[in-house]
Amino acid sequence: MSKPKVAFYWCASCGGCEEAVVDLHEDILGVVSAVDIVFWPVALDFKRSDVEAMKDKEVAVAFINGAIRSSEQHEMVELLRRKAQLVVAFGSCAHLGGIPGLANVFDRGAIVNQACVNAVSVVNDQKVLPSEETTVPEGKLTLPLLWNTVKSLDQTIDVDYYLPGCPPPVNLIGEAVGAILKGELPAKGTVLAPDIALCDDCVRRDTKPEKPALKEFFRPHQVKADPEKCLLAQGLLCLGPVTRKGCGSVCVKANMPCTGCMGPTSNVVDYGAKALSAIASLVDSNDDKEIAAIISKVADPVGTFYRYSLPASLLHRRYNGSTERG
Amino acid sequence: MSSLDNKHNGSARVGVYICHCGINIAGKVHIQDVVDIAKKLPGVTVAKEYKFMCSDPGQEIIQEDIKKGLIDRVVVASCSPLMHEPTFRGAMAKADGNPFMFQMANIREHVSWVTKDKGLATDKSKALVAAAVARVMFHQPLTKTQVPVNPNVLIVGGGIAGIHAALTMANAGKKVYLVEREPTIGGHMAKFDKTFPTLDCSACILTPKMSAVRAHPNITLWTYSDVVGVDGFVGNFKIKVKLRPRYVIEEECVGCLECIEACIFKHGKFKDEFNVGLAKRKPIYVPFPQATPLVAVIDPETCAYFRAKCKKPCADVCEKKAIDFNQKEEIVEVDVGSIILATGFKTFDASRVARYGYGKYPNVYTSLEVERLVNAAGPTGGEVVLANGKKPKSVAIIHCVGSRDANSNKYCSKVCCMYSLKLAHLVKERTEADVYNFYIDMRTPGKGYEEFYERLLLEGINFIRGRVAEVTDWAMTPDEEEKLVIRAEDTLVGKVRRIPVDMVVLAVGMEAQPDADDVRRMFNISCSHEGWFLERHPKLAPVSTLTDGVFLAGACQGPKDIPDSVAQAGAAAAEALALIDIGHVELEPNTAFVRDEFCSGCRTCMNICPFSAIAIDTEKDTAVVNGALCKGCGTCVAACPSGALQQNLFTDEQIFHEIEGVMNYV
Ligand SMILES: Cc1cc2nc3c(=O)[nH]c(=O)nc-3n(C[C@H](O)[C@H](O)[C@H](O)COP(=O)(O)OP(=O)(O)OC[C@H]3O[C@@H](n4cnc5c(N)ncnc54)[C@H](O)[C@@H]3O)c2cc1C
Ligand code: SF4
Ligand code: SF4
């Protein structure tokens with residue numbers, strides 16, 4: 001019997017998810033011997049045409065990381081969806097929209113202008129902007145269309161499973177691959193990680209006060225965090241209570257608050273809204289002015305509470321008066 | 001992505017019943033269209049319409065369908081759940097259905113009563129029915145729990161309403177805590193000389209009731225006190241009362257009032273609140289001779305001892321050693337099962353109508369001031385005199401000051417016509433002056449009221465129909481010199497008149513207490529936009545509030561006279577007694593609960609439960625909600641960051657499916 005075929009692909013992402021696969025270290029050898037990698041642009045020299053040449057559903061599983069924000073990414077994931085029996089959204093960006101999803105606070109025009117004209121490191125006196133079509137003496141050149149709105153993978157194609165995390169923890173990747181190989185899969189749509197929040201096995205939980213209440217919030221560089229005490233109790237915005245566990249609390253162990261890359265548990269519909277109401281519940285004041293002062297210490301609330309999940313939230317993006325879908 | 005999808009019982013059978021409410025709904029909503037749509041909704045096995053779903057035959061339709069096994073959950077589209085949710089739940093229970101497998105869609109208050117457009121009304125009704133069906137699919141059978149009712153009662157406000165309610169409850173053998181913020185009970189009535197329409201002496205009918213309150217073994221009277229905390233719920237309230245120091249030990253003071261005599265201030269020097277500023281009092285005083293309790297009060301603002309030093313002759317003269325300058329404010333806590341609010345009203349501030357000259361001309365008085373002037377125990381011993389001490393020869397009484405006026409209050413204060421007639425009679429009796437009553441409409445509905453008006457007409461009082469434009473001292477003729485001139489249009493004669501008088505009485509209207517909003521917040525009830533406490537239903541539940549166990553009596557609920565205040569106080573007492581008699585309250589099962597398997601023990605919920613109903617189970621390291629303490633406010637549910645906390649009747653899946661039900665329709 002031939003080995004199951006596996007594809008990896010990246011969309012709007014930083015490349016960290018690819019690293020995570022490599023981080024399987026020698027375990028990757030086991031994977032490689034059990035499967036046939038048929039597509040992995042970052043590591044192996046296959047072309048889009050190779051994929052196009054495959055039969056539908058020929059690929060057993062496609063792991064796709066990154067958010068979707070261009071016509072090219074959209075075409076590629078649709079292609080992979082056709083060719084693969086299973087699609088796994090791999091990492092925060094594919095899962096919930098991720099860091100690139102924060103672009104949804106702006107619109108395409110503002111982003112392109114910032115990247116190509118206004119950024120301090122850019123010299124572009126003519127204010128030339130990339131356009132979909134450019135005519136040169138040799139003919140027409142085209143670029144993919146950059147979407148106005150960044151999307152999570154399941155907002156563009158049907159997704160079977162999710163591997164959360166920025167990047168997904170190695171042990172979860174291993175378990176997921178193992179389960180797929182053995183055909184022991186949970187219900188479609190499942191997030192392949194424990195369904196409970198990080199506090200559950202946080203080493204610091206017992207230091208959390210009976211009734212946590214906060215008068216002040218800090219950013220990590222503003223205080224020297226006690227390495228043993230609950231970070232939230234120290235006023236650091238640790239999103240452990242809101243975030244699915246499974247990461248081995250690596251950040252918390254490194255004395256950094258959880259930023260929420262693993263996303264919500266299955267019971268939560270909108271991660272950022274939940275994070276906001278949970279954190280707001282800890283504010284220890286009944287005085288409007290004092291509350292405003294405490295809250296004002298949260299720099300960049302959207303970037304804090306929706307850091308990895310703005311596209312997948314109920315709001316998707318900042319309202320920009322248009323119903324333009326792209 | 002979420003686990004909220006389609007976990008409902010696949011075999012759910014929903015019955016949908018659309019009510020016409022006579023023409024209340026059917027006049028605006030195409031009922032049949034809604035029935036047709038309902039029939040097509042997933043899960044719906046029966047969809048019917050009926051003229052009055054709440055009637056017995058209406059309820060029987062539901063009951064029969066349950067008994068026939070056609071349905072196991074019910075949606076009624078009709079009026080507000082506030083109105084008939086209990087009716088339909090009750091009907092289901094009688095047919096052995098679970099009353100919580102029920103959802104109501106409000107297509108009357110939220111639809112037919114608020115639009116003229118039949119198309120829109122029908123569309124919205126469809127959307128609301130679709131939402132209710134989508135939601136009820138996720139309902140679970142629930143059971144109510146019972147908790148006992150504490151038979152003690154708290155009454156706030158010791159005016160005639162509070163007094164009457166207190167005596168009624170106490171006579172029925174219940175323990176009453178009566179809290180009054182002034183040094184004496186009595187309220188406004190204690191200030192009057194006579195009361196309309198019978199002209200019986202106010203003190204003669206009130207003071208016996210005041211002393212009965214003081215003497216009653218079942219009544220604990222706390223004057224000079226405020227309620228500062230209310231916790232709990234119907235049947236089981238926890239109340240905190242702050243007793244302000246009066247610097248006189250209440251249990252010791254025998255009311256001889258020697259201390260007041262002995263005070264270093266030989267005469268009154270400070271504003272006498274009880275006499276609405278018409279007299280002066282000393283720093284140590286009793287508001288009036290029949291004050292209850294008859295215990296002196298020391299006002300620390302004006303007492304010399306608190307500002308510099310004083311030899312305290314008051315303390316020396318007191319044989320009972322009742323004066324105690326070290327007295328401190330005290331907080332007492334009591335448990336009660338029901339609460340009656342009887343905090344009364346305040347009179348309209350006449351200076352807000354500048355053209356009537358109150359505060360500008362010394363001989364312009366408010367009605368409340370004149371109540372004190374005509375009072376035999378008042379500052380003038382019952383003489384009606386001008387600022388210069390002389391008797392007025394002519395007096396004008398202006399009705400509706402601060403009432404029925406778009407610039408102040410639109411409502412009618414209900415009592416001013418009647419008390420203006422009373423004052424006209426009393427002023428005429430005491431001074432033989434010419435009395436002119438300026439009224440817009442004479443409002444005298446009530447037993448013996450119109451007859452009282454007739455009597456006044458015969459007594460030679462002048463009645464002029466017309467709103468007074470102005471009170472001025474600008475004389476145009478020699479007759480008007482040194483007088484106050486009333487300019488008004490006499491609408492019956494059809495001409496503008498100028499009437500010179502010596503004294504003007506402004507019949508100020510009734511307004512809600514200035515702190516009504518704080519009080520209603522503390523007791524968790526609502527106010528109308530004018531500030532009157534809101535009754536549960538204007539006709540059918542006039543002394544109940546939307547908070548179970550909190551009742552209203554007297555003018556705090558709206559302008560009313562003494563007979564109505566007393567009647568209402570009796571009704572409030574009866575409601576409270578009924579509650580006590582049943583002995584228990586049934587608690588809605590809308591409590592929160594923790595799903596252990598999802599609880600990370602993060603303790604976010606611990607901080608915010610206003611009823612301290614949540615604890616951490618140290619073995620499992622998960623939160624647990626104490627169902628008996630949980631009031632179903634849902635605060636923790638919103639806060640729980642992992643969705644482990646859910647609330648019966650408001651689970652995420654119920655709410656999200658309800659929203660989806662609407663959205664699928666718009
Ligand atoms: C000028 C005038 C003349 C009137 N003449 C007549 C008449 O002749 N016949 C007639 O039938 N009606 C008359 N009325 C109407 C009558 O005054 C009211 O119907 C009656 O006083 C209402 O009684 P009550 O107990 O509801 O309110 P109130 O008399 O206002 O008593 C309320 C009591 O509650 C206390 N209180 C308020 N807030 C608090 C709080 N937060 N905590 C503790 N205690 C509080 C107050 O100090 C007060 O003692 C007259 C009204 C006016 C203005
Ligand atoms: S907030 Fe939720 S997860 Fe946290 S302790 Fe309470 S119930 Fe558990
Ligand atoms: S719903 Fe939650 S916060 Fe509200 S009373 Fe119940 S346990 Fe407390």
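These are my notebook entries on two ligand sites and one sheet in a predicted model.

**Entry 1: who surrounds ligand 1**

I began with ligand 1 and looked up its neighbours. The shell holds 36 residues, and the closest are Glu180(B), His188(B), Lys422(B), Lys560(B) and Ile562(B). Sorting the shell by class, I got 14 nonpolar, 13 polar and 9 charged residues.

**Entry 2: polar contacts of ligand 1**

Next I looked up some polar contacts. From Glu180(B), a polar side-chain atom sits 2.5 Å from an oxygen atom of the ligand. Two further contacts go through the backbone: a polar backbone atom of Lys560(B) is 2.6 Å from an oxygen atom of ligand 1, and for a polar backbone atom of Phe196(B) the distance to a ligand oxygen is 2.9 Å. I then wondered how much of the accessible area of ligand 1 the protein covers. On its own the ligand has 1,000 Å², and the protein covers 97% of that.

**Entry 3: where the shell comes from**

I turned to the elements behind this shell. Those that give two or more residues are α5 (160-171), β8 (194-195), β19 (345-347), α10 (367-373), α11 (416-431) and α14 (562-582), which belong to chain B. Which element gives the largest share? I found that α14(B) does, with 3 residues. For the domains of chain B, I noted that domain 2 (145-244 + 329-339 + 523-581) and domain 4 (346-511) each supply at least three residues to the shell.

**Entry 4: ligand 2**

Then I moved to ligand 2, which also has its neighbours in chain B. Among them are four cysteines that I would point out to a newcomer: Cys599(B), Cys602(B), Cys605(B) and Cys640(B). The list also includes Arg603(B), Pro641(B) and Leu645(B). By class, I counted 7 nonpolar, 4 polar and 1 charged residue in this shell.

**Entry 5: an open sheet**

Last, I followed a sheet in chain B. It is open, has 5 strands, and runs in the order β10-β7-β6-β18-β29 with parallel pairing. Which strands lie at the edges? They are β10 (219-222) and β29 (550-552) of chain B, each pairing on one side only. From one strand to the next, the twist averages 20°.

I took a closer look at one pair in this sheet. Strand β7 (residues 176-179) of chain B runs parallel to β10(B), and 4 bridges join the two. As an example to find on screen, I picked Tyr177(B), whose bridge partner in β10(B) is Thr220(B).

Key: Residues numbered from 1 in each chain as written. Chains lettered and ligands numbered in written order. Predicted model: local features only at pLDDT ≥ 70, side-chain atom pairs only at ≥ 80, totals over all residues. Heavy atoms only, no water. Near = heavy atom within 4 Å. Polar contact = N/O pair within 3.5 Å; in protein donor to acceptor, adjacent residues only side chain to side chain. Areas by Shrake-Rupley, 256 points an atom, 1.4 Å probe, with all protein chains shown as cover. Nonpolar A, V, L, I, M, F, W, Y, C, P; charged D, E, K, R; others polar. Domains from an automatic or database assignment. Pairing = 2+ DSSP bridges. Axes fitted to C-alpha atoms, helices over the stretch in contact; angles between N-to-C directions.
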